[in-house]
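Visitor: I am new here and would like to get to know this protein model. Could you walk me through it?

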Amino acid sequence: MQSELTDENQEAEKIFGKLLETFKTLRGPHGCKWDKAQTHETLIKCLREESEEVIAAIQKKDDENLKEELGDLLLQVIFHASIAQEQNRFTVAEVIDGLNQKLIRRHPHVFGGAKEAQTPEEALAQWKEIKRQEKLLKAQKSAAKK
């Protein structure tokens with residue numbers, strides 16, 4: 001099982017790298033005029049539509065369509081992160097790393113030696129409490145800067 005996961009992860013990393021290169025070309029000097037013209041604001045409608053299409057595919061239990069729509073939603077994430085990266089605000093890697101760190105932080109019952117959550121409800125309550133504490137700390141740091 002572990003070697004299968006490693007193989008799948010390596011394949012995903014390789015394909016994701018190709019996807020980022022494809023997208024960089026689309027937004028590059030000889031890329032697509034439409035892709036290059038997009039901003040965070042112009043993509044809001046697309047982000048909403050793609051999210052709704054993912055939901056519709058889930059509700060229909062249509063795996064083939066879900067796979068396609070998840071790809072379209074991933075495109076939106078890459079689009080927004082790439083725009084930010086072009087503006088030297090943050091990178092795609094920072095988005096991915098931030099998500100990974102958040103998952104680890106908010107699952108101390110899996111990664112941090114905390115008491116195991118006995119039910120899905122306990123796990124969700126723990127997630128929400130950690131999120132609440134993080135937001136409070138962020139607000140305190142923001143207030144201290146002012």
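What follows is a short conversation about helices, charges and surface patches.

Visitor: What kind of model is this?
Guide: Welcome! Before we look around, please keep in mind where the picture comes from: the model is predicted.

Visitor: What distance separates the end C-alpha atoms of helix 4, and which span should its 24 residues give?
Guide: Helix 4 runs over residues 63–86. At 1.5 Å a residue, its 24 residues should span 34 Å. The distance between the end C-alpha atoms agrees with that expected span, because it too is 34 Å.

Visitor: Which residues of helix 4 are buried?
Guide: A residue counts as buried when its relative accessible area is under 20%. In helix 4 the buried residues include Leu66, Glu69 and Gln76. The rest of the list is Ile78, Phe79, His80, Ala81, Ser82, Ile83 and Ala84.

Visitor: Which residue just after helix 4 takes a positive phi, and what is its value?
Guide: Look at the loop between helix 4 and helix 5, where Asn88 lies. Asn88 counts as exposed, at 73% relative accessibility. Its phi is positive although the residue is not glycine. So the residue just after helix 4 is Asn88, with a phi of about 55°.

Visitor: Where is Lys61 found, and is it buried or exposed?
Guide: Lys61 also has a positive phi in a residue other than glycine, near 55°. Its place is the loop between helix 3 and helix 4. Because its relative accessibility is 71% and the cut-off for exposed is over 50%, Lys61 counts as exposed.

Visitor: How many salt bridges does a search of the whole structure find?
Guide: We will visit some of them in a moment, one of them between Lys45 and Glu49. For the whole structure, the search gives a total of six.

Visitor: Which helix holds both Lys45 and Glu49, and how exposed is each of them?
Guide: The side chains of Lys45 and Glu49 meet in a salt bridge, with N to O at 3.9 Å. Residues three or four places apart in an α-helix point the same way, because there are 3.6 residues a turn. Lys45 counts as exposed at 57%, while Glu49 is partly exposed at 33%. The two are four residues apart, about one turn, and both lie in helix 3.

Visitor: What is the N to O distance in the salt bridge between Glu64 and Lys67?
Guide: Both residues lie in helix 4, three residues apart, which is about one turn of the helix. Glu64 and Lys67 are each exposed. Their side chains meet with an N to O distance of 3.2 Å.

Visitor: Why does the pair of Glu134 and Arg106 tie together parts that are apart in sequence?
Guide: The closest N and O atoms of this salt bridge are 2.6 Å apart. Glu134 lies in helix 7, whereas Arg106 sits in the loop between helix 5 and helix 6, so the pair ties together parts separated in sequence by 28 residues.

Visitor: Is Arg106 buried or exposed, and which residues share a network of salt bridges with it?
Guide: The relative accessibility of Arg106 is 7%, so this residue counts as buried. The network of salt bridges links Arg106 with Arg105 and Glu134.

Visitor: Which helix gives the largest share of the positive patch?
Guide: The positive surface patch is formed by Lys102, Lys128, Lys131, Lys135 and Lys138. Lys128, for one, is exposed, with a relative accessible area of 52%, and is found in helix 7. With four residues, the largest share comes from helix 7.

Visitor: Which helices each supply at least two residues of the nonpolar patch?
Guide: This patch of about 430 Å² is made by Leu19, Leu74, Val77, Phe90, Val95 and Ile96. Leu19 has its place in helix 1 and counts as partly exposed at 32%. The helices that each supply at least two residues are helix 4 and helix 5.

Visitor: How far apart in space are Arg48 and Leu73?
Guide: Arg48 has its place in helix 3 and is exposed, with a relative accessible area of 56%. In sequence, Arg48 and Leu73 are 25 residues apart. In space, C-alpha to C-alpha, the distance is 9.3 Å.

Terms used: Residues are numbered from 1 along each chain as its sequence is written. This is a predicted model: local features need pLDDT of at least 70, side-chain atom pairs count only at pLDDT 80 or more; totals for chains, interfaces and linings use all residues. Side-chain values use heavy atoms; hydrogens and water are left out. Patches are made of residues with over 30% relative accessible area and no salt bridge: like charges are joined within 9 Å, nonpolar side chains (Val, Leu, Ile, Met, Phe, Trp, Tyr) within 5 Å. Accessible areas come from the Shrake-Rupley method with a 1.4 Å probe; for residues, only the protein chains shown count as cover. A salt bridge is a side-chain nitrogen of Lys or Arg within 4 Å of a carboxyl oxygen of Asp or Glu. Lys and Arg count as positive and Asp and Glu as negative; His and the chain ends are not counted. The place of a charge is taken as NZ of Lys, CZ of Arg, CG of Asp or CD of Glu. Buried means under 20% relative accessible area, exposed over 50%, partly exposed in between (1.4 Å probe, protein chains only). The expected span of a helix is 1.5 Å times one less than its number of residues.
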